[in-house]
Amino acid sequence: MNKDRYQVLVSGKEIAIKQEPDKTLLENLEDNKVEIHSHCREGFCGTCRTRLISGEVDYIIDPLAYIDDDEILPCCCKAVSDITIEIN
Amino acid sequence: MKYTTFSPVNNDALTEPMFFGNPVNVARYDQQKHAIFEKLIEKQISFFWRPEEVDVSKDRLDFQQLSDSEKHIFISNLKYQTLLDSVQGRSPNIAFLPIISIPELETWVETWSFFETIHSRSYTHILRNLFTDPSEIFSDIVDNQHIKKRAEDISQYYDDLIFYTQIWQTHGLGEHTIQGETYNITMRELKKKLYLCMNSVNALEAIRFYVSFACTFAFAERELMEGNSKIIRLIARDENLHLTSTQHILNLWAKGKDDPEMAEIAEECKEEAAQIFMSAVEQEKQWAHYLFERGSMIGLNQDILCQYVEFIANHRMSAIGLGQPFEVTSNPLPWMNNYLHSDNVQVAPQESEISSYLVGQIDSEVNADDFGDFDL
């Protein structure tokens, strides 16, 4: 399972990301021109809150902002499997 | 119930609700009922800054160059922010501390309020630089109709909660007549006041600052009033953290992870909570209208600012389960994000002109060419 290329299905559009160790999911999405709103980019403001429909992510920084059980903060996590997400 | 500064009850703080349980006695942080507040305290302390660290002297020259309508926009926003932080520097302490029951939340509220006082001090720092005597600006905050109206809306929920808490603490539950008025004090009513107050504070932290932030950063985009912008970036970073705390409190209640009665109240008062948010949005739009009534500024106008308020409100409202009532889907002011990005916030006296200055950074990459002009 531990590979570095993942499929990300975001709002019906499928993109391939190369998960470099120090790149966050947010940066990957931005590189792929996905419009996503962000402020602090270190997990405390919650602006980039995104729904994780399937798959798994790992947190690089402990998120402080409020997120629901099915939500993730792309600014401080990275994908560890193929994922399906929905941006608010 | 009479307030006591050190409750003799040997209670277990881990079983207390956030509010209206036993008063906090021992300030201990080795264990927490809601660990998030301890983490927020740590984060907020790590953000510590002082307004004097930011050099605002160039702003005085910039200010002279602004048109009259731009001066009106700049000064009015500072007045409004001064009002907001005057309220926030004291009210969470006065309203929440007497009814909080867990030490980590108590200390979070104190830390939060303390940072609001740093914000207030920074407005004085900015204004003292622009005007030899800023008294006129400060006194207009109490006289200006547009600001006064906002002050009433912001303070009413706090005042209401504080007053009911005072009656409860001095007279206990039941019906009491005070100066000819009868009040029925029940725990349910107190908790309802608390819930509405928390929603009003959440709306304040969520959107009320953003019209002013947008104007400040629009000036900075034109390389004007940059000292001010640096201070506002630090303030924006703090406000984002404060917002996180009120979102946590509201969600802990709504999801039944704290006081079960608060979960019922959250359900019962959902409409009212949404209304508080919607009227804050409306007031911010009116504020944008007032700012631009004497003319606009480059890069911003009333329409775009109103759309931005709606955009931000959508995000902030969905975070507390109130849906996304507005139609704006993409960010009308995308450059704002660059100013709200926490990594771009760096302040030290020696780097007032370079916003990307990093302490202790060394370029350790050395190429053979670098020694090209070396002779031995």
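How many residue pairs in polar contact does the rule find across the interface of chain B and chain A, both at pLDDT 80 or more? I looked this up before anything else and found 11 such pairs, a polar contact being a pair of N or O atoms within 3.5 Å, where within protein one must be able to donate a hydrogen and the other to accept it, and residues adjacent in sequence count only if both atoms are side-chain atoms.

I note that this is a predicted model, in which local features need pLDDT of at least 70 and side-chain atom pairs count only at pLDDT 80 or more, while totals for chains, interfaces and linings use all residues. Residues are numbered from 1 along each chain as its sequence is written, chains are lettered from A and ligands numbered from 1 in the order in which they are written, and side-chain values use heavy atoms, with hydrogens and water left out.

**Interface of chains A and B**

I found 30 residues of chain B in contact with 18 residues of chain A, contact meaning heavy atoms within 4.5 Å. The area buried between the two chains is about 2000 Å², with carbon and sulfur atoms giving 51% of it; buried area is the accessible area (1.4 Å probe) that two parts lose on being put together, summed over both. On the chain B side, Lys43(B), His315(B) and Asn337(B) lose the most area to chain A, together 20% of what that side buries.

I also looked for salt bridges (a side-chain nitrogen of Lys or Arg within 4 Å of a carboxyl oxygen of Asp or Glu), and the rule finds three across this interface. Asp62(A) forms a salt bridge with Lys39(B), their closest N and O atoms being 3.1 Å apart.

**Thr246(B)**

I placed Thr246(B) in helix H9 (residues 226-254) of chain B, helices being DSSP runs of H or I of at least four residues and strands runs of E of at least two, numbered from the N terminus. Thr246(B) counts as buried because its relative accessibility is 0%, where buried means under 20% relative accessible area, exposed over 50% and partly exposed in between (1.4 Å probe, protein chains only). Its side chain makes a polar contact of 2.8 Å with that of Asn202(B).

**Two positive phi angles**

I checked two residues that are not glycine: Arg41(A) has a positive phi of about 60°, and Met225(B) has one of about 50°. Arg41(A), in the loop between helix H1 (25-31) and strand S3 (50-54) of chain A, is partly exposed at 22% relative accessibility. Met225(B), in the loop between helix H8 (210-221) and H9 of chain B, is buried at 0%.
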